[in-house]
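Me: I am new to this structure and should be grateful for a close look at a single part of it. Please describe one strand and its surroundings, and then turn to the salt bridges.

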Amino acid sequence: MNTLSVSVVTPDGSVLNDQYDMVICVTERGEIGILPNHIPLITPLIISAIRLKKGDQIERVAISGGFLEVSNNELTILAQSAERGSEIDVERAKRAKERAERLLQSKQDNVDFHRAELALKRAMNRLDVAN
Amino acid sequence: MASLREIKSRITSTTKMKQITAAMELVSASKMNRAVQNAKSYEEYGKKIKEIVTHIAQSMDEDEVKHPMLQPREVKRTGYIVITSDRGLAGAFNSNVLRHLLQTVNERHSSPDEYTIIAIGRVGFDFCNKQNLPVSHSIIGMADHPTFSDIHDLAKETVQMYVAEEIDELVILYNHYVSAISQKTTDLTLLPIVDLDEQETKLEYEYEPNQEEILETLLPQYAESLIFGSLLSSKASEHAARMTAMRNATDNAEEIIEELTLSYNRARQGEITQEISEIIGGVSALE
């Protein structure tokens, strides 16, 4: 059977490089599942978890937004940061979540709410993937 | 001629200095290896994102409205990102970039309103302040092995300046890492994005939702990633330059020690000769 060769790269290096049967990502318009022999595709991804399926095993990778590119059974995900479920520092993610929550509740004018919101989303996404 | 004791103390201090510079060379060498590795691991990302940008930019029809980041416009104000190190002792590493900056600015602009500087690194920041160059953003204390998140905010703000038309062109000046013994002072125009190589696009991509919206998010990320790539290259250059500078310093120290040892021995020999001739003189006076 055909497989997809998946690589997840970030500016800090490659996070994952392996063969999978199916990849499920979340785009701005909703979830998208990629199977082998997909037509070439480029689409942006939001802060979310990618699910990679190999046999009965499902691996999850947290990404903080990025791009998906598929061509010739090669699937590349360009993310600004990405972490595999097993590598996520839960304590750090928890701290980041608390910090973002504090910022959001502080109701001060000088707080960049949009950024705090994104930070909260990233932290919750990482915690979600880690568990 | 200096006294024996003076020469001796100079030898001792030069030896100690040599030990320090030799140690610094080793430290820089190992830091350089890491920095080069970091730059390599970024390369994959940089290459891929460039590929996608090129793909999309070329697949768009000529008559369609181009994204502002792909469209050169009249340059009223230029932004310069200047990457230097935080510390000295790296040979001509910093002065090369800063000299290049001064030259460019003097050649291209007549008033400080026409440009602004984004300084990464303490040396560049201090230099600009001293020369009264306008600095709008700065980062001091960049880690030896920066991660993307360290630079992300600055990169974002800078790209935002272009989008908001505060600047009409963004140029980055840094030392490009060629090899451990060669670093090249480089200026690179980041925005507008014009240097996309023509490549044969065999594949017809599906775009979801559509090209314009993808470009909207992709191009800022591309520009940000270029800034990060330059920073990594500059870091590798910095450590390489420091390593070379320290090796030269160590070699020089060795030379000085050799010379000093020679004159020390001469002075010692002279003293002995003098003592002998004094004794002989004394003996012959007694006879």
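Reply: The following account considers one strand of chain A, its pairing partners, and then the salt bridges.

The model is a predicted one. The part chosen is strand 5 of chain A, which spans residues 41-54. Of its 14 residues, 10 are buried, so the strand is largely enclosed by the rest of the structure. The threshold behind this statement is a relative accessible area under 20%.

Strand 5 of chain A has several pairing partners. With strand 6 of chain A it pairs in the antiparallel sense, over 13 bridges. Within this pairing, P44(A) is found opposite F67(A) of strand 6. The two strands form a hairpin with two residues between them, and there G55(A) adopts a positive phi near 60°.

Strand 3 of chain A, residues 22-27, also pairs with strand 5 of chain A; the sense is antiparallel and there are four bridges. Here R51(A) of strand 5 faces I24(A).

A further pairing reaches into chain B. Strand 6 of chain B, residues 206-207, runs parallel to strand 5 of chain A and is joined to it by two bridges. In this contact, L41(A) has E206(B) as its bridge partner.

The salt bridges may be considered next. Over all chains, the whole structure contains 16 of them. One involves strand 6 of chain A, the hairpin partner described above: R84(A) is bridged to E59(A), with the closest N and O atoms 2.8 Å apart. Because R84(A) belongs to strand 8 (residues 82-84) of chain A and E59(A) to strand 6 (residues 57-71) of chain A, this pair ties together parts that are 25 residues apart in sequence.

Another salt bridge connects K97(A) and E101(A), whose closest N and O atoms are 3.8 Å apart. Both residues lie in helix 1 (residues 90-105) of chain A, four residues apart, about one turn of the helix. K97(A) counts as partly exposed, at 26% relative accessibility, and E101(A) is likewise partly exposed, at 29%.

In chain B, E254(B) and K18(B) form a salt bridge with their closest N and O atoms 3.3 Å apart. This pair links distant parts of the chain, 236 residues apart: E254(B) is in helix 5 (residues 211-286) of chain B and K18(B) in helix 1 (residues 4-59) of chain B. E254(B) is partly exposed at 38% relative accessibility, and K18(B) is partly exposed at 25%. Finally, E69(A), K48(B) and E51(B) are joined into one network by salt bridges that share partners.

Methods:
Residues are numbered from 1 along each chain as its sequence is written. Chains are lettered from A and ligands numbered from 1 in the order in which they are written. This is a predicted model: local features need pLDDT of at least 70, side-chain atom pairs count only at pLDDT 80 or more; totals for chains, interfaces and linings use all residues. Side-chain values use heavy atoms; hydrogens and water are left out. A salt bridge is a side-chain nitrogen of Lys or Arg within 4 Å of a carboxyl oxygen of Asp or Glu. Buried means under 20% relative accessible area, exposed over 50%, partly exposed in between (1.4 Å probe, protein chains only). Two strands pair if DSSP finds at least two bridges between them.
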